[in-house]
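Trainee: I am new to this structure and would be grateful for a close look at a single part of it. Please begin with one residue and its contacts, and then place that part in its wider setting.

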Amino acid sequence: MCQSPLHDFLQRLPKCEHHLHLEGALSPTLLFDLAKRNRITLPTDDEAFGSPDKLHTRYGRFTSLNDFLHYYYIGMSVLIHSHDFESLAWDYFQHAAVDGVHHAEVFFDPQAHIARGIPYTTVLDGFQAACQRAERELGITTELITCFLRHLPAADCLATFELEHVQDSYQSGVITGIGLDSSELGFPPQLFEEMYGKASEQGLRRTAHAGEEGPASFISSALDTLGIERIDHGIRLVEDAELMAKVAAQGTLLTVCPLSNVVLRCVPEIKDVPIRKFLDAGIKFSINSDDPAYFGGYILDNYCRVHEAFELHVNEWEGICRAGIEGSWCGQERKTQMLTVLDGLMREWQEV
Ligand SMILES: Nc1ncnc2[nH]cnc12
Ligand SMILES: [Zn+2]
């Protein structure tokens, strides 16, 4: 909880989360519980796996995206059964509800599970069950997005994209779109042009991580060669004024993850996340938690840290929230509901 007089307002903003890796919501406690239940041996040559507390402490010392990913991929090795995936996602949705999330568009990494021998349907059944429960019990609407691992050959990504069960989940509408994640440096977006072309032909929504650790040229390449509709992270957009003007004019939404950027050392401090520059340039962005169990905070923590660093006006918060709603991939009816909540909150707040 932050000390700001705006804390209550920030909590009540009807938030849309667009950049959340479900596997990144695996807390050290749940990780150890599942390892025990599923008889998974955690690495014995790394002291961090000595206890949940030690692991938590190690998460505070990430040196880069790849350093984090090493732990992220080991962590997911404890996820075996559908109910493990369901527990993981349900844990996230409960946090999200407390933080004032109304709508969540969440990523998962099919290749990371299929490669361990876990069928895609096992993963999807668990996540879908949690999404249905979130809607029923918490009123949170959801969209699921399959992310592809860019450190693997593009042919592997395409082969996974084309698997029968994966295609079924697109055609049935259970999965809304695709994304691209994992190590960015050395794996430029254009490698994945064929898969994104097919996704576009199938009418799938498209996003990709770009400009997190990678240069601004990865953002332009992701826009031009992959035809993405959102940019995940995109903080290095500030290094190219012309491209920034183009992104602002197009109205493409960036899914910014401030705590993640600090913990993974993409920027030294929250004040160095280009929030003010984006606002001044008319860039649309949402604020998200990325991998909350690894980065020390869920979405409201990100809102609070941004508020502490930038002291945004309530009208600026309204604009950020509105951009998030409008940039979501749900239907217009749902957007209108959330905009009505936002309008109500703003009226109430301005009367105070
Ligand atoms: N921040 C991040 N960047 C790239 N890949 C990821 N996978 C999970 N979190 C990620
Ligand atoms: Zn991410």
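Mentor: Once neighbours within four places in sequence are set aside, F278 is in contact with I283 and F285. These contacts, like everything that follows, are read from a predicted model. F278 belongs to helix 14, which spans residues 275-281. F278 counts as buried because 22 other C-beta atoms lie within 10 Å, and the threshold for that class is 20 or more. A248 is 30 residues away from F278 along the chain, and the two C-alpha atoms are separated by 8.7 Å.

One of the contacts of F278 is F285, and residues 285-287 make up strand 8, an edge strand of the sheet. That sheet is an open one of eight strands, with parallel pairing and the order 1-2-3-4-5-6-7-8. Strand 8 and strand 1 (15-17) each have a single partner strand, so one side of each has no neighbour in the sheet. From one strand to the next, the twist averages 25°. As general background, the strands of a sheet pair through backbone hydrogen bonds, in either a parallel or an antiparallel manner.

The loop between strand 8 and helix 15 (292-295) holds D291. D291 is buried, because 26 C-beta neighbours lie inside 10 Å. With residues up to four places away in sequence not counted, D291 touches H21, G24, Y72 and S260. The UniProt record, an unreviewed entry, lists D291 under "binding site". In the model, D291 is one of the residues around ligand 1. The others are H21, G24, L65, Y72, D181, S182, H209, E212, S260 and D290. By class, this shell consists of four charged, five polar and two nonpolar residues.

Two residues of the shell lead back to the strands. D181 is among the residues around ligand 1, and strand 4 covers residues 175-181. H209 is also in the shell, and strand 5 covers residues 205-210.

Strand 4 pairs in the parallel sense with strand 3 (residues 141-149), through six bridges. Within this pairing, G179 of strand 4 is the bridge partner of C147. Strand 2 (residues 101-108) also runs parallel to strand 3, and six bridges join the two. Here E105 stands opposite E143 of strand 3. Strand 3 itself is mostly covered, since eight of its nine residues are buried.

As for strand 5, helix 11 (residues 216-226) lies across it and across strand 6 (230-233). The angle between helix 11 and strand 5 is about 160°. Strand 6 contains H233, whose phi is positive, at about 75°, although H233 is not a glycine. In general, most residues other than glycine have a negative phi. H233 is classed as buried because 28 other C-beta atoms lie within 10 Å.

R39 also has a positive phi, near 55°, and is likewise not a glycine. What is the burial class of R39, buried or exposed? R39 counts as exposed, because it has 8 C-beta neighbours inside 10 Å, where the class takes 12 or fewer. Its place is the loop that runs between helix 2 (28-37) and helix 3 (52-59).

A further residue falls in the intermediate class. A129, in helix 7 (residues 120-138), is partly exposed, as 17 other C-beta atoms lie within 10 Å. A129 and D272 are 39 Å apart from C-alpha to C-alpha, and 143 residues separate them in sequence.

Finally, the wider setting may be taken from the record. The unreviewed UniProt entry annotates residues 14-341 as "domain: Adenosine deaminase". This span is 51% helix and 13% strand, and 7 Å separates its end C-alpha atoms. The residue with which this account began, F278, is buried and lies in helix 14, with F285 among its contacts.

Technical notes: Residues are numbered from 1 along each chain as its sequence is written. Chains are lettered from A and ligands numbered from 1 in the order in which they are written. This is a predicted model: local features need pLDDT of at least 70, side-chain atom pairs count only at pLDDT 80 or more; totals for chains, interfaces and linings use all residues. A residue is near a molecule or strand if its C-beta atom, placed from the backbone, lies within 6 Å of it. Ala, Val, Leu, Ile, Met, Phe, Trp, Tyr, Cys and Pro count as nonpolar, Asp, Glu, Lys and Arg as charged, and the others, Gly among them, as polar. Two strands pair if DSSP finds at least two bridges between them. Helices (H or I, at least four residues) and strands (E, at least two) are DSSP runs, numbered from the N terminus. Axes are lines fitted to C-alpha atoms, for helices over the stretch in contact, and angles run from 0 to 180 degrees between N-to-C directions. Two residues are in contact if their C-beta atoms, placed from the backbone, lie within 7 Å. UniProt positions are given in the numbering used here, feature names are shortened, and annotations may be inferred rather than shown by experiment.
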